[in-house]
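This report walks through one protein model, beginning with its ligand and moving on to its helices and loops. Please keep the sequence and the structure in view while reading.

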Amino acid sequence: MLWNAIKTSLHGAIPESEFGLWIKPLECRRHDDGVLELVGPDRFFCAWVEDRYLGLIRTKAAELGEITDVRLQAAATPPLRFESGKGGQLKLPGVTSAGPRLRSLHPAFTFEQFMVGESNLLARSACQALATGDATFGNCLFMNSTTGLGKSHLTQAVVHQVLRSAPSTRLHYLTAQQFSAEMVKGIRTNAMEQFSKKYINDCDMLLVEDVHTLTGKTKTQEELNTILDYLIKSGRRVILTSALPPTKLAGIDDDFRSRMTSGLVTGIESPDYETRARIIRHKLQMHGLGADEDLVGFMAESLQGDVRRMESAIIGIKAKSCLLGAPPDLGMVREVVYGLIGSRADITGEAIRELIGRQFRVSIEDLCSRSRKRSITFPRQLAMYLTRKYTTKSLADIGSLYNRDHSTVLYAIKTITKDMSQQTTVRQQVELLSAKLKN
Ligand SMILES: Nc1ncnc2c1ncn2[C@@H]1O[C@H](COP(=O)(O)OP(=O)(O)OP(=O)(O)O)[C@@H](O)[C@H]1O
């Protein structure tokens, strides 16, 4: 009863999609002596809930009942090398104190959910090889990229796979900040021997995220350097991620930098159009939204770089679609996307018409004429497509700029979207014209 009341209260406090994903599956195992014990499907699930929602659950529980503590436990039996500690903490057997929790794993950060393209192919292949123990790419990988391009996703995909296929692997996955904090604690509590043992003797695989944050932390760099030296030389597997490429890492000791980059160094680039379309299509489907190609094309064209923005747009579209009780259409998608990237009030339909006329050496009279010559229809269609993309004009308003009705504009947008996905030259022209417009 109490847990149901808490859930109802939580329902109003967090987005529907998060509630369905993370709160609904929790069940109440026990409720007595002021303690509420909840059970989640597995330890990664619990670690995720603990990181993000346990504080809120505790607050609600205290508001609604005489609850002094809320505990979270995993229902599944943990694999061989891991034991579930108090409050769902995850520890390696034998490491009883001072060890930080394993970084929680996002259940969807798996290889299956990672869309591959030219921009991330090498990183994905290297991670897959490391996960299966294949030595093709060596045993040490340094992966760097700007934000939101999949470093954590790939790193966690390795962890998921290793835990699934070889659960007895002694694996440590943590951020450089966690490593640093644990080391400082080790020094303070005279437990450095145990610390070194954990990472040197009891470690088959070490994954450290965000090594760029070690800038200026000489003692941590020294310690990690010694550990890496041992692990790499003894053939253990190592994955390091960084927001900066090795050459841009300031405040990092040369010896340490050279050790970290002694194996394969690969950057993940911003995804190209095809990869963006693949990611968006996949994520729309994951959210139960139909992947209409017009919408995918528009989103892939507008949302470049950081994949988180694509995810954020999809969540926004889903919310809007639920609210309006209608499937997403181009208007809805444009509104959400513009909310994220900002629409440009200074780009007008007339300015686009002029630019297109100049670029293709076609007069405005010709663009507005009934001519069906390819040398005129193509720039006209492009102009209509760009006007839809960069202004908030309706289809009918765009049509009136070219002496056409709304169905011709719709046809033009569909044609250009399709051509962009099939013909590189069309896409390049759209990108070039977009860049000119924005300048
Ligand atoms: N190729 C891809 N296919 C599917 N999802 C992706 C892809 N690349 C990134 N994502 C998604 O984008 C989001 C951000 O990815 P991730 O957290 O791995 O980025 P990051 O590079 O570690 O960023 P940061 O440097 O900010 O930590 C995640 O939800 C991830 O699933």
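## The ligand and its surroundings

How many residues surround the ligand, and which are the closest? In this predicted model, the ligand is surrounded by 18 residues, and the closest of them are Gly150, Lys151, Ser152, His153 and Val307. Two helices, α6 (151–165) and α13 (307–324), each supply at least two residues of this shell. Sorted by class, the shell consists of seven nonpolar, eight polar and three charged residues.

Where does the ligand lie with respect to domain 2 and domain 3? Domain 2 (121–267) and domain 3 (273–341) both give residues to the shell, and therefore the ligand lies between them.

## The protein as a whole

The secondary structure of the protein comes to 20 helices and 10 strands, and buried residues make up 36% of its 439 residues. When contacts with a separation of 6 or more are considered, 72% of them are accounted for by residues 24 or more positions apart.

## Helix α13

Two residues of helix α13 can be looked at in turn, and methionine 310 is one that is located there. Is methionine 310 buried or exposed? Because 24 C-beta neighbours lie inside 10 Å, and 20 or more are needed, methionine 310 counts as buried. If its neighbours within four places in sequence are left aside, methionine 310 is in contact with Ile279, Ile280, Lys283, Met299 and Leu303. Its C-alpha atom is also separated by 8.6 Å from that of arginine 276, although the two residues are 34 residues apart along the chain.

Serine 312 is found in helix α13 as well, but this residue is partly exposed, with 17 other C-beta atoms within 10 Å. From C-alpha to C-alpha, serine 312 and leucine 340 are 8.4 Å apart in space, while in sequence they are 28 residues apart.

## Helices α11 and α12

Helix α11 (273–286) has 14 residues, which at 1.5 Å a residue should span 20 Å, and its end C-alpha atoms are indeed 20 Å apart, so the two values agree. The buried residues of α11 are Thr275, Arg276, Ala277, Ile279, Ile280, Lys283 and Leu284, and what covers them includes α12, α13 and α19. After α11 comes glycine 288, whose phi is positive, near 70°.

How many of the 10 residues of α12 are buried? Eight of them are, and α12 is thus described as mostly covered. The residues buried in α12 (293–302) are Leu295, Val296, Gly297, Phe298, Met299, Ala300, Glu301 and Ser302. They pack against α11, α13, α14 (330–341), α17, α19 and α20.

## Helix α20

Helix α20, made of residues 424–438, has 15 residues and reaches 21 Å from its first C-alpha to its last, which is close to the 21 Å expected at 1.5 Å a residue. Its buried residues are Val426, Arg427, Val430 and Leu433. Seen down the axis of α20, these buried residues fall within an arc of 130°, so they line one face of the helix. An α-helix has 3.6 residues a turn, so residues three or four places apart point the same way.

On the other side of α20, the exposed residues are Thr424, Thr425, Gln428, Leu432, Ala435 and Lys436. The buried residues of α20 are covered by elements that include α11, α12, α15, α17 (374–390) and α19.

## Two loop residues with positive phi

Most residues other than glycine have a negative phi. Arginine 361, in the loop between α15 (349–360) and α16 (364–368), has a phi near 50°, which is a positive value in a residue other than glycine. Arginine 361 is exposed, because 9 other C-beta atoms lie within 10 Å and a residue with 12 or fewer counts as exposed.

Asparagine 403 is placed in the loop between α18 (395–401) and α19 (406–422), and although it is not a glycine, it has a positive phi of about 65°. With 12 other C-beta atoms within 10 Å, asparagine 403 is exposed too.

Conventions:
Residues numbered from 1 in each chain as written. Predicted model: local features only at pLDDT ≥ 70, side-chain atom pairs only at ≥ 80, totals over all residues. Near = placed C-beta within 6 Å. Helix = DSSP H or I, 4+ residues; strand = E, 2+ residues; numbered from the N terminus. Nonpolar A, V, L, I, M, F, W, Y, C, P; charged D, E, K, R; others polar. Domains from an automatic or database assignment. Contact = placed C-beta atoms within 7 Å. Expected span 1.5 Å × (residues − 1). Arc of directions from axis to C-beta.
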